[in-house]
Amino acid sequence: MKINVITGDITRVEAGAVVVGLFEGAKKPQDDTAALDKALGGAVSRLINQGEIRGKPGEVTAIHSLGRIPAARVVIVGLGKREEFTLDKVRGAVAEGCRFLQKKKVEDVGVAALGAERLNITPESSAQAATEGALLGTYSFRRHITEKEDEPGRINKLSLMSADKTGMALLKRGVKRGRALAEAAVLARDMVNEPANYMTPSSMADVANKLAREYSLEVSILEKKDMQKLGMGALLGVAQGSCQPPKFIIVNYKGKAARGVDLALVGKGITFDSGGISIKPSHNMEEMKGDMAGGAAVMAAISAIARLGLALNVAAIVPAVENLPGGSALKPGDVLTAITGKTIEVISTDAEGRMILADALGYASKLKARHIVDVATLTGACEIALGKVCTGVFTSNQELADQIIAAGAETGELMWQMPMYDDYKEQNKSDIADIKNVGGREAGATTAALFLAEFVGKTPWLHLDIAGTSMTDKESRYLTRGATGVPVRTLVSLADKIAHRKQRH
Ligand code: BES
Ligand code: ZN
Ligand code: ZN
């Protein structure tokens with residue numbers, strides 16, 4: 001999709017459709033919507049008066065112009081209540097409008113500056129949000145569909161309206177940033193939607209190498225023998241039931257001259273989670289191809305950070321492993337020794353994420369990174385607690401928590417902080433090893449996070465549990481069925497905040 005910025009009169013735009021907004025409860029159209037209403041002889045006003053157009057979020061109304069203006073259609077998207085308007089409403093409205101037009105096989109679309117009259121929303125950020133909405137909302141994963149019959153249409157050209165010529169450069173900057181963020185989220189979605197026979201640990205390493213070439217990143221892939229040397233017994237224990245060789249992926253981005261890693265992003269890369277010997281029920285097991293969503297997210301995030309040239313040093317670390325119950329598989333009751341020397345009693349081989357992360361977090365803390373953020377589809381318990389609406393945030397570093405929650409509010413990837421009281425640690429105590437990998441049914445997301453904390457050391461660290469948010473079964477706003485790409489855009493925004501804080505100090 002080509003996205004450009006144009007200026008001029010919206011009633012003269014030549015396109016398959018022009019998209020304009022309407023606030024909920026507005027008695028009459030305003031700005032560009034009003035101009036188009038006039039050109040269409042009051043058609044929009046009439047539909048508002050008849051109660052057909054109400055301006056509710058998600059509402060899309062198309063009016064055929066039948067030659068009264070150069071654009072073939074006027075599409076009015078609901079923006080919700082004026083006082084509740086946010087950038088996320090722009091993303092959602094543009095996504096719904098574009099998806100509607102894509103289904104109608106419209107190829108070129110003009111979009112009005114939505115909500116630009118609201119003081120707290122700059123035209124630049126509105127253009128960024130519109131770009132994200134258009135690219136994310138029209139996403140589909142059809143790589144393995146050979147039948148071309150019901151192919152969705154393709155919007156080839158999207159033109160964003162700028163109020164005047166002087167603002168065009170800013171809008172273009174917004175488009176550039178929006179594209180970098182949305183394309184990174186799309187990369188993560190593609191990796192997660194890819195079946196596990198295509199997205200193996202080796203394929204994840206291939207993606208890392210490809211990203212490294214594209215964005216001049218440094219990459220190293222540790223093989224089984226390297227991991228053995230480093231003492232990654234927990235990761236290797238999980239890997240031993242599968243024929244797929246494990247890969248430990250490290251991608252480095254240097255955005256400033258000073259040495260050291262400002263931010264280590266660690267992502268769970270279980271390319272398929274059968275549960276291992278503690279095998280999962282077969283119902284919905286296919287969804288476990290997405291158990292590498294954390295790994296995909298950190299790889300995608302570092303590529304966007306590089307593309308935007310943010311001024312900080314970042315490392316993305318992905319332990320990539322398949323969890324299967326082969327003849328040499330790990331068994332409940334086994335004891336593993338992680339990279340830090342800590343021993344783990346395996347209660348369930350299905351609590352494998354925390355074991356591969358034990359080694360990855362131990363490795364990251366040895367890098368002396370200034371911050372560590374890990375992302376994992378870690379626990380069903382987190383999905384039960386928070387549903388599919390928000391990602392669980394676990395940390396004892398309140399500054400990092402505040403930063404990521406603020407970043408999530410901007411990107412629309414909602415975050416909610418969960419408890420990390422020491423009192424829960426009792427549940428992870430083992431009789432025969434330093435710690436056990438299951439802390440019981442109660443507070444399962446917190447005991448998993450407290451398990452991870454044991455391998456981090458003193459580095460400021462935050463854990464995101466995306467078990468509920470990494471996939472969706474409903475098409476809504478800028479999310480389509482399947483992978484969501486959460487929390488790629490938030491990670492980039494967090495990196496941006498860290499980079500700016502560093503410069504100020
Ligand atoms: N990958 C799963 C968690 C998960 C569940 C992700 C649902 C996405 C959707 C994880 O490895 C797992 O199996 N966790 C167990 C832990 C339990 C054995 C302590 C769980 O949540 O049931
Ligand atoms: Zn599992
Ligand atoms: Zn898992």
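The following exchange concerns a predicted model and takes up its zinc sites, aromatic pairs, largest cavity and backbone exceptions.

Colleague: Which protein residues are the donors of the zinc ion (ligand 3)?
Modeller: The donor atoms lie 2.0 to 2.4 Å from this ion. Along the chain the donor residues follow the spacing K-x4-D-x17-D-x60-E. The residues are Lys 268 through NZ, Asp 273 and Asp 291 through OD, and Glu 352 through OE.

Colleague: What arrangement do the donor atoms around the zinc ion (ligand 3) form?
Modeller: Ideal angles for six octahedral donors are 90 or 180 degrees. Around the zinc ion (ligand 3) there are 6 donor atoms, and the angles they subtend run from 78 to 173°. Because six donors count as octahedral if opposite ones are over 155 degrees apart and all others between 65 and 115, the arrangement is octahedral.

Colleague: How is the site of the zinc ion (ligand 2) classed, and what are its donors?
Modeller: The donors are Asp 273 (OD), Asp 350 (O), Asp 350 (OD) and Glu 352 (OE), at 2.0 to 2.2 Å. Their residues are spaced D-x76-D-x1-E in sequence. The 6 donor atoms give angles of 71 to 166°, and the site is classed as irregular.

Colleague: Which residue bridges the zinc ion (ligand 2) and the zinc ion (ligand 3)?
Modeller: The two ions are 3.2 Å apart. One residue is named as coordinating both ions and as the bridge between them, and this is Asp 273.

Colleague: How many residues apart are Lys 268 and Glu 352, and where do they lie?
Modeller: Both residues serve as donors of the zinc ion (ligand 3), whose spacing along the chain is K-x4-D-x17-D-x60-E. Lys 268 lies in the loop between β9 (263–267) and β10 (269–273), whereas Glu 352 lies in the loop between β13 (343–345) and α10 (353–366). The pair thus links distant parts of the chain, with a separation of 84 residues.

Colleague: Is Glu 352 buried or exposed?
Modeller: Burial requires a relative accessible area under 20%. Asp 350 has 23% and therefore counts as partly exposed. Glu 352 has 0%, so its class is buried.

Colleague: Which kind of aromatic pair do Phe 23 and Phe 85 form?
Modeller: The whole structure contains 3 aromatic pairs. In the pair of Phe 23 and Phe 85, the ring centres are 5.2 Å apart and the planes stand at 85°. Since planes over 60 degrees apart count as edge-to-face, the pair is edge-to-face.

Colleague: How many residues apart in sequence are the parts that Phe 23 and Phe 85 tie together?
Modeller: Both Phe 23 and Phe 85 are buried. Phe 23 belongs to the loop between β2 (17–22) and α1 (31–39), and Phe 85 to the loop between β4 (73–78) and α3. The parts so tied together are 62 residues apart.

Colleague: What is the geometry of the aromatic pair of Phe 451 and Phe 455?
Modeller: Phe 451 and Phe 455 are both buried. Their rings lie 5.3 Å centre to centre, with 40° between the planes, and the pair is tilted.

Colleague: Which element supplies the largest share of the lining of the largest cavity?
Modeller: The structure holds 4 cavities of 30 Å³ or more, and the largest has a volume of about 70 Å³. Its lining comprises 13 residues, and those closest to the centre are Ala 112, Ala 113, Leu 114, Ser 126 and Ala 127. At least two lining residues come from each of α3 (87–103), α4 (123–137) and β6 (157–162). The largest share, 4 residues, is supplied by α4.

Colleague: How many residues in the lining of the largest cavity are nonpolar?
Modeller: The lining has no charged residues and 1 polar residue. The number of nonpolar residues is 12.

Colleague: What is the phi of Ala 443, and where is this residue found?
Modeller: Most residues other than glycine have a negative phi. Ala 443 is found in the loop between β17 (435–436) and α13 (444–453), and is partly exposed because its relative accessibility is 32%. Its phi is positive, at about 50°.

Colleague: Which peptide bond is cis, with omega near 0°?
Modeller: Most peptide bonds are trans. Pro 487 is in the loop between β20 (482–483) and α14 (488–504). The cis bond runs from Val 486 to Pro 487.

Terms used
Residues are numbered from 1 along each chain as its sequence is written. Chains are lettered from A and ligands numbered from 1 in the order in which they are written. This is a predicted model: local features need pLDDT of at least 70, side-chain atom pairs count only at pLDDT 80 or more; totals for chains, interfaces and linings use all residues. Side-chain values use heavy atoms; hydrogens and water are left out. Donors are N, O and S atoms within 2.8 Å of the metal (3.2 Å for Na, K and Ca); water is not among the atoms, so sites may look incomplete. Four donors count as tetrahedral if all angles lie between 85 and 135 degrees; four count as square planar and six as octahedral if opposite donors are over 155 degrees apart and all others between 65 and 115; anything else is irregular. On a 1 Å grid over the protein atoms alone, a cavity is a set of points where a 1.4 Å probe fits but cannot get out, and a pocket is an open set with protein on both sides within 12 Å along at least five of seven lines; lining residues have an atom within 4 Å of a point. Grid points are joined across faces, edges and corners, and a volume is the space filled by probe spheres set on the points. Ala, Val, Leu, Ile, Met, Phe, Trp, Tyr, Cys and Pro count as nonpolar, Asp, Glu, Lys and Arg as charged, and the others, Gly among them, as polar. Buried means under 20% relative accessible area, exposed over 50%, partly exposed in between (1.4 Å probe, protein chains only). Rings of Phe, Tyr and Trp (its six-membered ring) pair if their centres lie within 6.5 Å; planes under 30 degrees apart count as stacked, over 60 as edge-to-face and the rest as tilted.
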